[in-house]
Amino acid sequence: MGKIMLEVKDLKTKYVTRFKENVYAVDGVSLEIEEGKSLGVAGESGCGKSTLALSLMGYYFAPLHYISGEIIIDGKNISGMKPDDVRKNILGTEVAYIPQAAMNALNPTQKVIRFIEDVIHAHDKSVSKKDIFDMARKRFEILGLPQEVLNRYSVELSGGMKQRTVIAISTILSPKVLIADEPSSALDVTSQKMVIKMMRDLMEKGYIKSMIFITHELPLLYNVTDHIMVMYAGQIVERGTAREMVFDPVHPYSKGLMGSIIVPEEGTRDVKLEAIPGTPPNLKKPPAGCRFAARCKYVIPTCSLGERSRRVFDDNRMHLCIHSVDFLRETYAKEGTGIAAIKSQKSENLKENKKTSEKTQENASNKSSENESEV
Amino acid sequence: MPMSLQELQNKPSVLRGDKVTKIFGYGVNKNTAVNEVNFNFRESEVVSIVGESGSGKTTLAKMVLGLIGVTQGDIYFRDAVRDISSHKKKKEYWKGIQAVFQDPFSSFNMFNRIDTLLLDCINLMGGKKLPKEEKVRLMTDACSFVNLKYEELTNKYPFELSGGQMQRLMIARIFLLKPKILIADEPTSMVDACSRATILDMLLKLRDEVNMTIIFITHDIGLAYYVSDTVYIMEHGQFVESGTAEDVILNPQAEYTKRLISDVPKIHEEWDLSTVAGL
Ligand SMILES: Nc1ncnc2c1ncn2[C@@H]1O[C@H](COP(=O)(O)OP(=O)(O)OP(=O)(O)O)[C@@H](O)[C@H]1O
Ligand SMILES: Nc1ncnc2c1ncn2[C@@H]1O[C@H](COP(=O)(O)OP(=O)(O)O)[C@@H](O)[C@H]1O
Ligand code: SF4
Ligand SMILES: [Mg+2]
Ligand SMILES: [Mg+2]
C-alpha cells in the first residue's frame, strides 16, 4: 500500500443559515487516499458533495462551520488550525481547491499571470515576478498550454481553455491533494476531454500527489478515478473501486445511481433507465435511521430505527445498509437491470487491459467476505 | 421503442427546413452561424441535434421558434410555409411549437409568480374564461405530472426553486400547452443523472400521449443515442451527418462525428485520452 496522502476521520461540518438553522451537509465522512491515486465522489445534487470539497480544505468561513473530526494531509493534522495559518501554510501547497464554476469567477480585469503571482505570494512574498513568470512559463509548456495565455485576460479565453488555465494556476505550487468540484461539467465533450487529460498529466508528472474528483457524471468518474464514494444526505453510503462501483454497486442508492448512466454504446439503448423516485431529505432535520428509506425499494421497517453500521466487505469496500451484501447482490441479479446487465463482447475484451487490478476482478464476483464493524 | 425509418417516413411532416441560413454581422464581422441546413421532422419523432459549443444549435432553435429572423431559406410548418408576419400569427404559431431552454432561470420572468406562469399557459390555450376551480385543477394536474405539489408552489417566485424543480416546472408548462413540437435546448445539462432520467421519462411520456415531436439540442451523444429516433450532427453551422440514431452513433461516417463520439467517456470501451488535440 502506498503512502497515505489524505486521511479524513469522521468529519462533520454544517451551514448556519440566516435564520440560525443548522444544515448538516457533511455528517461523519471518513476517507483515505494513497499517493498517486484519485477518489471520485458521486451523488445527486444537494447530497453535500460541494460542501465536502469545501470542508476538506480545513478553511472555514461563514456560513460553513466545523463541528468535529480530523483532516490529516501527508501526516500533518490540519483540523482546528486557524484560518490565517491554513491560508498561508496549507492552501496551494498542501491542498488546492477548484470550486464549482471556478472559471466564471476569475476577475476579468486581471491577467492570468497576476493570478499566479497571487497564489505564490499568498504563500511566500519574497519570490520575484521574474521567477514566477519563468516558473509559470515552464509549467504551461509542460501542460501543453500556450504561453501567450499568461498575458491574456480570462474573458479572452474559451471555456475549455479557461478551465485548464484555472487548474494550472491552482496547482502551480504542486499541492499534495487537488480537490476539483465539477471541473468539466459546463464544457462540451471535446473540451472536457482536454481538461481530464491535463489532470491526468498533472498526476503522472507528480505536480499533484492525489486527487478528489467530484462530479455527478458517472461515466466520467469511472474513467478518471481509481475509487468512487457515493454520497447521500451528507454521508458516504458506499465505497469501492471505480469498476466495482459501476458494475457491482451494492447499496440500493448506488444501484439506483448506476441505473441512470447513459453512454453511446451498443445495447445501452435497450436498458430501461432507472429513475429514483422522490428527492433527497432535508438536511436541517435528517431522518432517523437510514436516510434513504423514503425512496428505497428494499426498505424494511427496521431501516428507520437507529444509525446503520458500516459493513466492510471484499477487503476494501464499505456500504451502509441493513441488508447483507449477498442478499442485495442476489436481489439485483434476479432483477437483471442496469448498465452492468449488458454483457457486450467489448467489455469482455476490455477486462484484460483495464487499469484495475486482477484482484479487483475477483472481488467483483459473487462471493464476499463480510464483517460488520463500526469504522 | 425507436421508430424505424419506414415508420417515420409514413408520418406527416410537422417541420421542414429548406436551406435555412443565419448570418450575424456584416463585413469583417460576418459570422455564418447556420449555413443552408435542410431537415424534415415528423409527427411524434424524437430528434437530436448534436454539436460542439458554438456550432449553431441554439441559433437554429431560435430561428425555428421565430425568436430571431431567418437570413435565407424557408421553414414549413405542417407542410405550409410558416407565416409569423404579425404578432397574432406568431401567437398562433406558438400554440404549436414550444421550447425548454438551456438555462432554466433565463426563460422565466423572475417577477412573475409561478401561478401566473402556469395561468398564462392556460390562457394561451384559450382557457381564459374557465372557472377558477377548473384552472386550479389543470395546474394541479400539470404539477403532479412532474412530481411537484401545486399547493407548495403557489405564491412562490421562480428563483425560490432549485434547478431541478425549475426544470420540472418547465415541463409542467409543456404539459399544459401540449404543443405539436417541443424544442428542448440542453434540458438536462444542469441536472444530475438521476434527475435527467426522471425528466426524460416525463418528456417521452408526454410524447406518447399527444404525439408530440421532440427536438433535443445537446452535447450529450449518450442522451441522443438513448432517446432519439433520428440524429443530426452539426459542425460549423452545417449538418455533416444525419440518420437513425443507431446508424449515426454506432456507425458514424463523418470524421467530426467519429471524433465527438470518441470524446465521450464510456463504460464498456476504453476512453482514449491520447487523441486529445494540441498536446
Ligand atoms: N445574437 C448573436 N449575435 C452575434 N453572433 C451570435 C449571436 N448568437 C450566436 N452567435 C454566434 O453564432 C454561433 C453559434 O452560436 P450558438 O449559440 O447557436 O451555438 P450552440 O451550438 O448553441 O452552442 P452551445 O453548445 O455552447 O450552446 C457562434 O459563433 C456565436 O458566437
Ligand atoms: N451557503 C449555504 N447555506 C446553507 N445551506 C447550504 C449552503 N450551501 C449549500 N447548502 C445546503 O447544503 C446541502 C448540500 O449542498 P451541496 O454541498 O452544494 O451539495 P452538492 O454539491 O452535492 O450538490 C444542501 O442541502 C444545500 O441546500
Ligand atoms: S437500510 Fe433499508 S432503506 Fe436504507 S438502503 Fe438499506 S434497505 Fe434501503
Ligand atoms: Mg455541487
Ligand atoms: Mg446553445
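**Notebook: the A–B interface, aromatic pairs and I114(B)**

I began with the contact between the two chains and noted that 48 residues of chain A are in contact with 43 residues of chain B. I keep in mind throughout that this is a predicted model.

I then looked up the area, since the size of an interface is often given as the accessible area lost when the parts come together. Chain A and chain B bury about 4200 Å² between them, with 63% of it on carbon and sulfur atoms. On the chain A side, I found that K193(A), P264(A) and R269(A) lose the most area to chain B, and that together they make up 22% of what that side buries.

Next I turned to the polar terms, where I recorded three salt bridges between chain A and chain B. One of them joins K193(A) to D263(B), with the closest N and O atoms 3.3 Å apart. For polar contacts between the two chains I noted 16 residue pairs, both residues being at pLDDT 80 or more.

I asked myself which helices of chain A each supply at least two residues of the side that touches chain B. They are helix 6 (189-204), helix 7 (218-224), helix 8 (242-247) and helix 11 (345-353), and the largest share, eight residues, comes from helix 6 of chain A. By residue class, I found that this side of chain A divides into 23 nonpolar, 13 polar and twelve charged residues.

I went on to the aromatic rings, for which the count comes to twelve pairs over all chains. The rings of Y232(A) and Y253(A) have their centres 4.4 Å apart and their planes at 50°, so I entered the pair as tilted. This pair links distant parts of the chain, as Y232(A) is in strand 9 (residues 227-232) and Y253(A) in helix 9 (residues 252-258), 21 residues apart.

Y232(A) also pairs with F292(A), and because the ring centres are 5.2 Å apart and the planes at 80°, I entered this pair as edge-to-face. F292(A) lies in the loop between helix 9 and strand 11 (311-313) of chain A, so its pair with Y232(A) in strand 9 ties together parts that are 60 residues apart in sequence. I checked burial as well: Y232(A) and Y253(A) are both buried, and F292(A) is buried too. In chain B, I noted that ring pairs link F39(B), F41(B), Y232(B) and F239(B) into a cluster.

Last, I looked at I114(B), which lies in helix 4 (residues 114-124) of chain B. Its relative accessibility is 1%, so I114(B) counts as buried. Leaving out residues up to four places away in sequence, I114(B) touches L153(B), K156(B), Y157(B), P158(B), L161(B) and L169(B). Of these, I looked up Y157(B), which is 43 residues from I114(B) in sequence and 5.8 Å away in space, C-alpha to C-alpha.

Conventions
Residues numbered from 1 in each chain as written. Chains lettered and ligands numbered in written order. Predicted model: local features only at pLDDT ≥ 70, side-chain atom pairs only at ≥ 80, totals over all residues. Heavy atoms only, no water. Helix = DSSP H or I, 4+ residues; strand = E, 2+ residues; numbered from the N terminus. Buried < 20%, exposed > 50% of the residue type's maximum accessible area, 1.4 Å probe, protein only. Contact = heavy atoms within 4.5 Å. Buried area = accessible area lost by both parts, 1.4 Å probe. Salt bridge = Lys/Arg side-chain N within 4 Å of Asp/Glu carboxyl O. Polar contact = N/O pair within 3.5 Å; in protein donor to acceptor, adjacent residues only side chain to side chain. Nonpolar A, V, L, I, M, F, W, Y, C, P; charged D, E, K, R; others polar. Phe/Tyr/Trp six-rings, centres within 6.5 Å; stacked < 30°, edge-to-face > 60°.
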